[in-house]
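This briefing covers a single protein chain. The topics are a lysine and its surroundings, the cysteines, and the chain as a whole.

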Amino acid sequence: MSAPVAVPLPKKCELTIVAEQFNYTQPPAGQFKGTFPASPSRTVTMKLSKVPAPFPFSLTGGPFYQGRLFEGGVDKGSITLAWVSKFFRRATLEIDTLVGAVRPAPVPDGAGGTEFFDTVFAKTGWQLSVVQDQLNVPVPSGVVATNCWSSADLHALMTTVRNPATNLDTEWRVHMIVVPAKLGCSRGIMYDQIGVPREGCASFSDDGYPVSDSSNFGLAANKKQRDVPRAFLRSATHELTHTLNQIHQEQETAADNSIMTTTPSVADVLGGPATGEPGVFPDQIKLAHNTNVRHHLNHMPDPVIRPGGWPFASWFPTGAPQAADRHDFEPSELALTVTATTDRVALGQPLDLTWTMTNTSGVSLRAPNDVSIEALFASITVTDGEGHERPVRPFVILCEHAKLAELEPGKSVTASAKVFWSTAGFAFEKPGRYRVDVAVSWSAQGVMVGVQSGIDVFVDYPTSASDNHSANLVLHPEVGKWVALGGDAYHLGEACRRLQALSQTATPSGARAATAAAGDDTTAPRAIDGFADMLPDRAKLARLRPELSAETGGRAERGPGRAAAPGRKRAAKAKKRRGRKG
């Protein structure tokens with residue numbers, strides 16, 4: 001951007017802006033992350049002069065420019081730049097509240113006014129409209145609202161109460177549901193996908209500030225969020241900002257007194273060694289985003305930020321960034337061990353993965369206290385035999401207990417996950433060799449540090465019609481969501497239908513071993529082994545999804561060329577054979 005220092009009369013003062021345009025490529029259907037080119041799609045030059053603003057722009061009180069646009073020296077036509085608003089972006093927050101819950105309320109700002117979601121975002125440069133919509137939303141059948149909520153139950157609730165008329169192509173809109181829960185569950189949660197990525201979050205009014213999370217909660221210690229209004233509003237705003245694709249500052253910069261630092265870390269920053277004042281939480285909480293997050297919210301491209309756009313944290317590097325200023329701990333300092341229940345899985349079979357980070361040094365190290373992928377410090381990357389990488393992103397962002405804490409010598413933190421499906425797709429889409437890597441990363445005074453390790457896994461080729469049929473059943477996004485939610489997601493009808501069919505066309509692994517020992521060469525599908533603890537409960541299925549029983553006349557769908565319950569028949573045959581031999 002340039003302008004002349006002096007302009008002789010009667011010539012107008014002319015502003016010159018040279019801009020690079022990057023054309024966005026939309027993602028394929030069913031995916032949400034498109035691409036921008038590495039180099040500009042075109043470069044344009046705008047030559048503009050300030051003129052009086054016509055109606056209605058005259059009402060905004062801002063400047064108004066007109067001029068010509070040039071590309072490669074060729075005049076492409078006229079261009080107008082008009083001041084529209086003092087805000088960079090605008091969005092709507094819809095808040096629904098369950099029976100027995102209390103939603104966040106405005107709090108004093110210390111200057112005679114109040115702070116709320118809209119004023120917090122106004123400081124960031126956003127025009128946020130808050131719609132406090134449904135109150136006393138009924139508790140779903142079978143759910144105890146004052147207990148910890150399962151991811152599946154909460155996901156089901158959010159899909160039923162969000163405004164069905166929402167059109168994210170025309171309005172940036174976030175849905176928040178407030179439920180009671182109880183102390184020790186989590187103060188809030190964000191879903192990477194309800195219908196599309198980052199559409200909704202939840203806040204728990206009856207959870208709060210257990211001393212197990214931080215010894216610096218001060219007057220809020222062991223209280224419910226509903227009884228600590230300022231901290232409650234901060235926590236709910238944290239989840240809201242997650243829906244706008246923002247990550248923790250412990251990962252990006254450092255813990256501070258800002259919205260996107262986790263609650264325990266904010267308490268430790270305020271009341272820990274930095275101040276020596278244990279009573280400053282919650283009164284001195286800053287209800288504001290820091291400069292780093294504010295920059296992201298205002299200047300990242302629209303598809304990255306907007307609800308329904310890019311999957312959560314897909315702009316942030318997964319695994320171990322190859323940055324020159326990154327420090328990976330040596331195994332003699334901090335070791336990461338990755339294990340799996342097997343190094344061979346069937347096509348369509350989830351992989352049960354576990355990782356443990358251990359302080360192998362002789363001194364205490366500051367590291368994440370939660371290394372689950374839901375807490376965001378850990379990431380999983382799957383690389384196929386051709387070198388194509390695919391991140392395994394968390395479906396649920398559950399991070400309110402996570403923080404950087406002292407890990408004593410010899411102590412460990414462990415986490416696990418079923419590697420199967422995420423918003424990036426299926427981890428193992430085809431047979432062959434894969435590498436599964438886990439990286440735990442965080443920021444130490446602005447420098448990325450961490451550990452990484454991994455294992456090799458082979459996905460077997462299907463060897464029977466049964467294997468092919470089972471893979472076809474489970475390699476479906478609805479089944480993927482079922483697994484990502486931890487099972488029991490009976491609101492996912494297609495997942496119920498497919499898993500019911502799988503349960504009726506397979507032999508459990510023990511019976512399969514007996515069948516093989518008996519010389520029966522009719523193999524059952526192996527994919528079910530990864531679903532042993534994830535299949536729908538028959539009684540619940542009959543009660544919550546009676547149409548599935550009606551569709552099959554009381555029987556589940558059968559695989560190709562199979563009699564009813566073939567696995568049971570073969571298992572019984574094997575048992576008889578063993579009896580004759582014994």
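Leaving aside its neighbours within four places in sequence, which residues is K481 in contact with? In this predicted model, the residues in contact with K481 beyond that sequence window are Q193, I194, F395, W421 and L492. K481 itself is found in helix α9, which covers residues 477-484.

**K481 and its surroundings**

- K481 is buried yet has no salt bridge.
- The nearest side chain of opposite charge belongs to E478, at 4.3 Å; a salt bridge would need a side-chain nitrogen of Lys or Arg within 4 Å of a carboxyl oxygen of Asp or Glu, so the K481 side chain is left without one.
- A polar atom of the K481 side chain lies 3.3 Å from the backbone oxygen of I194.
- I194 is also one of the residues listed as in contact with K481.

**The disulfide**

- The count comes to one disulfide.
- This disulfide is formed by C148 and C185, whose sulfur atoms are 2.0 Å apart.
- The pair links distant parts of the chain, with C148 and C185 37 residues apart.
- C148 sits in the loop between β8 (126-132) and α2 (151-161), while C185 sits in the loop between β9 (173-179) and β10 (188-193).
- The disulfide is left-handed because the torsion about the S-S bond of C148 and C185 is about -90 degrees.

**Exposure of the cysteines**

- C148 has a relative accessible area of 44% and is partly exposed.
- Its partner C185 counts as buried, at 15% relative accessibility; the cut-off for buried is under 20%.
- C13 counts as partly exposed, at 44% relative accessibility.
- C201 is buried, and its relative accessible area is 0%.

**The chain as a whole**

- The protein chain contains 14 helices and 25 strands.
- It has 582 residues, of which 50% count as buried.
- Among contacts in the protein chain with a separation of 6 or more, 70% are between residues 24 or more positions apart.
- The accessible surface of the protein chain comes to about 26,300 Å², and carbon and sulfur atoms account for 53% of that surface.

Methods:
Residues numbered from 1 in each chain as written. Predicted model: local features only at pLDDT ≥ 70, side-chain atom pairs only at ≥ 80, totals over all residues. Heavy atoms only, no water. Disulfide = S-S within 2.5 Å. Helix = DSSP H or I, 4+ residues; strand = E, 2+ residues; numbered from the N terminus. Buried < 20%, exposed > 50% of the residue type's maximum accessible area, 1.4 Å probe, protein only. Lys, Arg positive; Asp, Glu negative; His and termini not counted. Polar contact = N/O pair within 3.5 Å; in protein donor to acceptor, adjacent residues only side chain to side chain. Contact = heavy atoms within 4.5 Å. Areas by Shrake-Rupley, 256 points an atom, 1.4 Å probe, with all protein chains shown as cover.
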